[in-house]
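I am opening my notebook on this structure and jotting down what I look up as I go. Come along and follow each entry with the model in view.

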Amino acid sequence: MRYQLPQLASVIRSKNSGPYELTFDIMFKSEAAYRAVADAGVISKEAFAALYGIAPATVMEIVHFDPAHAIKITIERPVHSGDLRETDVYGAQQHAPLMAFSFDLPAEISPC
């Protein structure tokens, strides 16, 4: 079954994680949705890098936090926070590509 991330996640956000990093948080609507996405491995360094047009090596880590049904992704900032070329010093507008992220899961998942 094909899903878009907003169907299964209640929170999709990005934020500044220091001058050299950005962090993305995905919090799922249910444990079943979180577990299905985590177990399928659809949010990988390679998939995230392809979505953002960056090298997989710049994806620093992907952390699964089971108690919150959340996945946290940290990347190297393409432009350092506060640099003259920076357009989003707080990193709060970088989550938009995740809103269109689609993937297949082996079974139907109830979003709630």
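**Entry 1: an aromatic residue and its partners**

I looked up phenylalanine 24 and found a relative accessibility of 1%. The cut-off for buried is under 20%, so phenylalanine 24 counts as buried. I keep in mind that this is a predicted model.

Next I counted aromatic pairs, and the total came to 5. In one of these, phenylalanine 24 meets tyrosine 52 in a tilted arrangement, with 5.2 Å centre to centre and 55° between the planes. Where do phenylalanine 24 and tyrosine 52 lie? I found phenylalanine 24 in strand β3 and tyrosine 52 in helix α3 (residues 45-52), so their pair ties together parts that are 28 residues apart in sequence.

Is tyrosine 52 buried or exposed? Its relative accessibility is 18%, and tyrosine 52 counts as buried.

I then followed tyrosine 52 to another aromatic pair, this time with phenylalanine 48. That pair is stacked, with 4.6 Å centre to centre and 20° between the planes. Phenylalanine 48 and tyrosine 52 both belong to helix α3 and sit 4 residues apart, about one turn of the helix. I noted phenylalanine 48 as buried too, with a relative accessible area of 3%. Put together, Phe24, Phe48 and Tyr52 make one aromatic cluster.

**Entry 2: the strand that holds phenylalanine 24**

Phenylalanine 24 led me to its strand, β3. How many of the residues of strand β3 are buried? I found 6 of the 8 residues in 21-28 to be buried, so β3 is largely enclosed by the rest of the structure.

On one side I looked at strand β2 (residues 9-16), which runs antiparallel to β3 and is joined to it by 7 bridges. I checked some partners by name: alanine 9 is bridged to phenylalanine 28 of β3, and lysine 15 is bridged to threonine 23 of β3. β2 and β3 form a hairpin with 4 residues between them. In that turn, glycine 18 has a positive phi of about 110°.

I also looked at strand β5 (residues 70-76), which pairs with β3 in the antiparallel sense over 7 bridges. Here methionine 27 has alanine 70 of β5 as its bridge partner.

**Entry 3: the whole sheet**

In what order do the strands of the open sheet come? I wrote down β2-β3-β5-β4, which makes 4 strands with antiparallel pairing. β2 and β4 (59-65) stand at the edges with a single partner strand each, so one side of each has no neighbour in the sheet. From one strand to the next, the twist averages 15°.

A reminder to myself: side chains in a regular strand alternate between the two faces of the sheet.

Then I came back to the helix of the aromatic cluster. α3 packs on the sheet and touches β3, β4 and β5. The direction of α3 makes about 120° with that of β4.

**Entry 4: charged pairs**

Side chains of opposite charge can pair when their charged atoms come close. I counted 8 salt bridges here.

One of them joins the side chains of arginine 2 and aspartate 104, at 3.1 Å from N to O. Arginine 2 is in strand β1 (residues 2-4) and aspartate 104 in strand β6 (residues 102-104), so this pair ties together parts that are 102 residues apart in sequence. I found arginine 2 partly exposed, with a relative accessible area of 48%. Aspartate 104 counts as partly exposed at 48% relative accessibility.

Another salt bridge links arginine 35 and aspartate 66, at 3.1 Å from N to O. Arginine 35 belongs to helix α2 (residues 31-40) and aspartate 66 to the loop between β4 and β5, so the parts tied together are 31 residues apart in sequence. Arginine 35 is partly exposed at 31%, and aspartate 66 is partly exposed at 41%.

I also looked up arginine 85 and aspartate 83, whose side chains meet in a salt bridge of 3.4 Å, N to O. Arginine 85 is exposed, with a relative accessible area of 60%, while aspartate 83 counts as partly exposed at 31%.

Which residues do salt bridges with shared partners join into one network? My last note lists Arg13, Lys15, Asp25 and Lys72.

Key: Residues numbered from 1 in each chain as written. Predicted model: local features only at pLDDT ≥ 70, side-chain atom pairs only at ≥ 80, totals over all residues. Heavy atoms only, no water. Buried < 20%, exposed > 50% of the residue type's maximum accessible area, 1.4 Å probe, protein only. Helix = DSSP H or I, 4+ residues; strand = E, 2+ residues; numbered from the N terminus. Pairing = 2+ DSSP bridges. Phe/Tyr/Trp six-rings, centres within 6.5 Å; stacked < 30°, edge-to-face > 60°. Axes fitted to C-alpha atoms, helices over the stretch in contact; angles between N-to-C directions. Contact = heavy atoms within 4.5 Å. Salt bridge = Lys/Arg side-chain N within 4 Å of Asp/Glu carboxyl O.
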